[in-house]
Amino acid sequence: MKIILSKKMGFCFGVKKSVNLAKNALKTRKNNLYMLGSIINNPQVIEYFIKKGVKITDNLDEVPEESTVTTRAHGISPTMLKKAYQKKLSVVDTTCPYVRKVQKIARYLYEKDYFIVIYGDKKHPEVLSLLDTIQNNALVINSIHDAEKITKKKKIGFISQTTKNIYDFYKLSSALLNRAEELRIFNTICKSTTERQKSVLELAKKVDVILVIGGKESANTTRLAEIGKNQGVKTYHIETKNQLKYKWFHPEDKVGITSGASTPDWITNEVIDKLKEWYS
Ligand code: SF4
């Protein structure tokens with residue numbers, strides 16, 4: 001068996017920064033530490049924080065006054081942030097700069113009266129925070145079919161959740177061309193996401209099987225698995241080595257490995273070690 005690693009994989013800079021800020025808050029906090037939602041979408045990383053005594057909640061009413069709270073890497077809604085300050089909580093804002101940038105662009109489009117279209121998952125926390133930033137004045141779409149339903153507008157501003165599929169973003173941008181007199185497109189898919197997606201596309205040309213490692217709830221990881229499958233390569237999305245199945249592989253297979261932006265290297269290394277144990 002030959003194992004080939006994707007050129008770009010694993011923790012992105014935004015996740016590294018958020019996790020480091022949360023670890024630092026663990027050391028410096030003077031009282032309880034709460035996470036307002038999982039800081040990143042990786043169950044093993046979250047388990048690490050829970051073992052250290054961190055509590056996770058989406059409900060600020062459950063957080064005692066004067067506690068320390070961390071935000072998700074993919075943002076916090078302005079409404080929740082305001083409420084946190086009103087409760088005199090100490091806020092460690094770990095929002096990734098790329099996410100902040102999308103919020104800034106959305107506000108600009110809102111102020112300039114654009115009909116805002118967001119390519120995203122309606123229930124994803126990043127999209128919910130984004131919608132809150134612009135008082136819900138946007139349409140969230142997730143397919144060409146959704147784009148085609150938009151009636152003709154004067155001005156459309158098109159943005160994306162940071163972790164969506166870059167190739168689908170291009171297609172949707174084309175689909176919106178005849179929906180408005182003026183169309184402004186901001187490619188807000190983050191660089192780390194795009195690099196990982198392009199790398200997995202290259203990987204798919206060289207291998208028989210692709211293993212995508214990362215949280216099942218992680219949007220960017222799920223996207224990597226979709227790209228592998230769309231290329232017709234047998235693709236398995238797993239969270240840890242324990243989900244590997246011997247029958248998926250052949251001893252002569254070339255196995256491509258990639259991991260999501262929220263997957264720590266130690267989890268990926270454990271998967272590689274298990275494959276080597278089986279097949280070397
Ligand atoms: S995937 Fe992109 S937007 Fe999300 S935390 Fe990483 S760098 Fe930031």
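**Exercise 1.** Determine how the residues of the shell around the ligand divide into nonpolar, polar and charged.

*Solution.* Start with the members of the shell, which in this predicted model are Cys12, Gly14, Val15, His74, Cys96, Tyr98, Thr162, Cys190, Ser192 and Thr193, a residue being near the ligand if one of its heavy atoms lies within 4 Å of it. Next, apply the classes, in which Ala, Val, Leu, Ile, Met, Phe, Trp, Tyr, Cys and Pro count as nonpolar, Asp, Glu, Lys and Arg as charged, and the others, Gly among them, as polar. The shell then divides into five nonpolar, five polar and no charged residues.

Residues are numbered from 1 along each chain as its sequence is written. Local features need pLDDT of at least 70 and side-chain atom pairs count only at pLDDT 80 or more, while totals for chains, interfaces and linings use all residues, and side-chain values use heavy atoms, with hydrogens and water left out.

**Exercise 2.** Find the salt bridge of Asp121, and state whether Lys164 is buried or exposed.

*Solution.* A salt bridge requires a side-chain nitrogen of Lys or Arg within 4 Å of a carboxyl oxygen of Asp or Glu. Asp121 meets this rule with Lys164, their closest N and O atoms being 2.8 Å apart. The two residues lie 43 residues apart, Asp121 in the loop between strand E6 (115-119) and helix H5 (125-133), and Lys164 in the loop between strand E8 (153-160) and helix H7 (166-176), where helices (H or I, at least four residues) and strands (E, at least two) are DSSP runs, numbered from the N terminus. Lys164 is buried, with a relative accessible area of 3% (buried means under 20%, exposed over 50%, partly exposed in between, with a 1.4 Å probe and protein chains only). Finally, Asp121 and Lys164 are linked with Arg223 and Glu226 in a network of salt bridges.
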